[in-house]
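This report sets out selected features of a single structural model for use at the bench. The sequence and the structure are shown first, and the description follows under short headings.

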Amino acid sequence: METQEKKQELLDKRYMRMAEIWAENSYCQRRKVGALIVKNKMIISDGYNGTPSGFKNVCEDENNLTHPYVLHAEANAITKIARSSNSSEGATLYVTASPCIECAKLIIQAGIKRVVYGEKYRLEDGLRLLEKANIETVYINPNEEKSNEK
């Protein structure tokens, strides 16, 4: 019989694969990031990195630098919740790259209690802030997953 922990691990891996697929919607060239917010085993929001509504879907300038107004996947998923009747209180956020400090602040304020992430961002201040706020963080190595599927 499967333990609750093992079931959660399987769910985490499945939702992370879904977040990776969702990242493919991004128009960004440098990095595509996807996010899902899950509560009670239901996806209640999703997001990927990109420009705000009404902006041209171009994330980088002519020097391949990201425009400062590009939204991160987590921010898109959290702001989508704000425009709905759903609540992210107690939810889990699945994101393909670890959150930056700005997104970590939004995660805390949104009441999200758990963050499962893939690729590690070069700065870890976002993860440290989440841990300081007693938000559980779980790293799933995306490369390990791909090699296990073969």
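## Asparagines with positive phi

Asn40 is exposed, its relative accessible area being 69%. The model discussed here is a predicted one. In this model Asn40 has a phi angle near 55°, a positive value in a residue other than glycine. Asn40 is placed in the loop between E1 and E2.

Asn134 likewise has a positive phi, near 60°, and is a residue other than glycine. Its location is the loop between H4 and E5. With a relative accessible area of 68%, Asn134 is exposed.

## Annotated domain

The UniProt record, an unreviewed entry, lists residues 10–130 as "domain: CMP/dCMP-type deaminase". Annotations of this kind may be inferred rather than shown by experiment. In the model, the C-alpha atoms at the two ends of residues 10–130 are 23 Å apart. Helix makes up 32% of this span, and strand 21%.

## Cysteines

The model contains one disulfide. Cys28 and Cys59 form a disulfide, with 2.3 Å between their sulfur atoms. The torsion about the S-S bond of Cys28 and Cys59 is about -70°, so the disulfide is left-handed. Cys28 lies in the loop between H1 and strand E1 (34–39), and Cys59 in the loop between strand E2 (42–48) and helix H2 (73–82), so the pair ties together parts that are 31 residues apart in sequence. Cys28 and Cys59 are both buried.

Cys100, by contrast, is in no disulfide; its nearest cysteine sulfur belongs to Cys103 and is 3.8 Å away. From the side of Cys103, the closest cysteine sulfur is that of Cys100, and a separation of 3.8 Å is too far for a bond. The cut-off applied to a disulfide is a pair of cysteine sulfur atoms within 2.5 Å. Cys100 is buried at a relative accessible area of 12%, and Cys103 is buried at 4%.

## Salt bridges within helices

How many salt bridges does a search of the whole structure find? The search finds six. One of the pairs is Glu9 and Lys13, whose side chains meet with an N to O distance of 3.1 Å. Both residues belong to helix H1 (residues 4–23), where they are four residues apart, about one turn of the helix. Glu9 counts as partly exposed because its relative accessibility is 33%.

A salt bridge also joins the side chains of Lys105 and Glu102, at 3.1 Å from N to O. Lys105 and Glu102 are separated by about one helical turn, because they are three residues apart in helix H3 (residues 101–109). The relative accessibility of Lys105 is 39%, so Lys105 counts as partly exposed. Glu102 is also partly exposed, with a relative accessible area of 47%.

## A salt bridge between strands

The side chains of Arg114 and Glu136 form a salt bridge at 3.3 Å, N to O. This pair links distant parts of the chain: Arg114 is in strand E4 (residues 114–119) and Glu136 in strand E5 (residues 136–139), 22 residues apart. At 12% relative accessibility, Arg114 counts as buried, whereas Glu136 is partly exposed at 41%. Through salt bridges that share partners, Asp12, Arg114 and Glu136 are joined into one network.

## Nonpolar cores

In soluble globular proteins, nonpolar side chains tend to be buried together. In this model the largest nonpolar core has 21 residues, of which Ile37, Leu93, Val95, Ile107, Ile112 and Val115 touch the most other members. Two or more residues of this core come from each of E1, H2, strand E3 (92–97), H3, E4 and helix H4 (125–132). H2 gives the largest share, four residues.

Which residues is Val115 in contact with, leaving aside its neighbours within four places in sequence? They are Leu93, Val95, Pro99, Ile107, Leu130, Ile135, Glu136, Thr137 and Val138. Apart from the largest core lies another core, of nine residues, and its members include Tyr94, Val116, Val138 and Ile140.

Terms used: Residues are numbered from 1 along each chain as its sequence is written. This is a predicted model: local features need pLDDT of at least 70, side-chain atom pairs count only at pLDDT 80 or more; totals for chains, interfaces and linings use all residues. Side-chain values use heavy atoms; hydrogens and water are left out. A salt bridge is a side-chain nitrogen of Lys or Arg within 4 Å of a carboxyl oxygen of Asp or Glu. Buried means under 20% relative accessible area, exposed over 50%, partly exposed in between (1.4 Å probe, protein chains only). A nonpolar core is a set of buried Ala, Val, Leu, Ile, Met, Phe, Trp, Tyr and Cys residues joined through side-chain atoms within 4.5 Å. Contact means heavy atoms within 4.5 Å.
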